[in-house]
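Here are a few short exercises on pockets and surface, each with a worked solution. Have the model open beside you as you go.

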Amino acid sequence: MTTLNERLEWRYATKKFDATKSVSAEKIERIIEAVRLAPTSSGLQPFELLVVTNPDIRAQIRAVALDQAQVTDCSHLLVFAAWDDITSERVNMMFDLTNDLRGVKSEGWENYRQILLGIVNGRSTEENYQAAARQAYIGLGAAIIAAAFEEVDATPMEGFDPVVVDEILGLQAKNLRSVLILPLGYRADEGDWLVNLKKVRRSRDHFVTEIK
């Protein structure tokens, strides 16, 4: 049986996708679900996921993403968009949802709600956005691992103009800001300079410090 680490050894940041191949809806949904289930600070899930298949919109994004062909040649383009602010309304929404789904309202949980409200209200809008954006990276990690598990190629990207992408996707109206994009698809048989190169990572001895 293939292990998860073997899948991670197999994956790489795909430079050329086969535009004729599509990822099945079932695999896409499992990758999306992995993102939805990813851990986030205080369980706030302060980001949302957009799945872009519209070719015209992807062409517009490619134009402000360093003309990277993966944006248009992939099967599905994931856009991770963080809350533009962690407001009291958003904190309360998630705490209320937790109470509703669990069917219980505990004193300790409600005390923590007030502590968290004090923290986010004491920060600037930009500080709260940056905190939300960092959580989006956790979702990205979950997506990359899930894609590898599904034998789907993925290329995480920060190289795009987020202000323009926000305009293209109408994110400001949703109080969101784009943070990362992740093309998903299948590597092309030819034309990808990176595909056959050895994966380079520091050795365990140079990467891990054990403190006993």
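**Exercise 1.** Sort the lining of the second largest pocket by residue class.

*Solution.* Keep in mind that this is a predicted model. Start with the classes: the lining of the second largest pocket has eight nonpolar residues, one polar residue and two charged ones. Next, put names to them: the lining residues include Arg36, Gln45, Glu48 and Trp83. Since Asp, Glu, Lys and Arg count as charged, Arg36 and Glu48 belong in the charged group. Then turn to the elements: helix H2 (25-36), strand S1 (47-52) and H5 each give two or more residues to this lining. Finally, the volume of the second largest pocket is about 210 Å³.

**Exercise 2.** Describe the largest pocket: how much space lies in it, and which element gives the largest share of its lining?

*Solution.* The space in the largest pocket comes to about 350 Å³. Its lining has 15 residues, with Gly43, Gln45, Met94, Thr98 and Leu101 nearest the centre. Helix H5 (residues 88-102) supplies the largest share, six residues. By class, the lining of the largest pocket holds eight nonpolar, five polar and two charged residues.

**Exercise 3.** Is phenylalanine 149 buried or exposed, and which surface patch does Phe149 belong to?

*Solution.* First, locate the residue: phenylalanine 149 is in helix H7 (residues 125-149). Exposed means over 50% relative accessible area. Phenylalanine 149 counts as exposed because its relative accessibility is 55%. Last, look at its partners: Phe149 forms a nonpolar surface patch with Leu4 and Ile145, and together they have about 280 Å² of accessible area.

How values were computed
Residues numbered from 1 in each chain as written. Predicted model: local features only at pLDDT ≥ 70, side-chain atom pairs only at ≥ 80, totals over all residues. Heavy atoms only, no water. Patch = residues over 30% accessible without salt bridge, like charges linked within 9 Å, V, L, I, M, F, W, Y side chains within 5 Å. Areas by Shrake-Rupley, 256 points an atom, 1.4 Å probe, with all protein chains shown as cover. Salt bridge = Lys/Arg side-chain N within 4 Å of Asp/Glu carboxyl O. Helix = DSSP H or I, 4+ residues; strand = E, 2+ residues; numbered from the N terminus. Buried < 20%, exposed > 50% of the residue type's maximum accessible area, 1.4 Å probe, protein only. 1 Å grid on protein atoms, 1.4 Å probe; cavity = no way out; pocket = protein on both sides within 12 Å on 5 of 7 lines; lining within 4 Å. Points joined across faces, edges and corners; volume = space filled by probe spheres on them.
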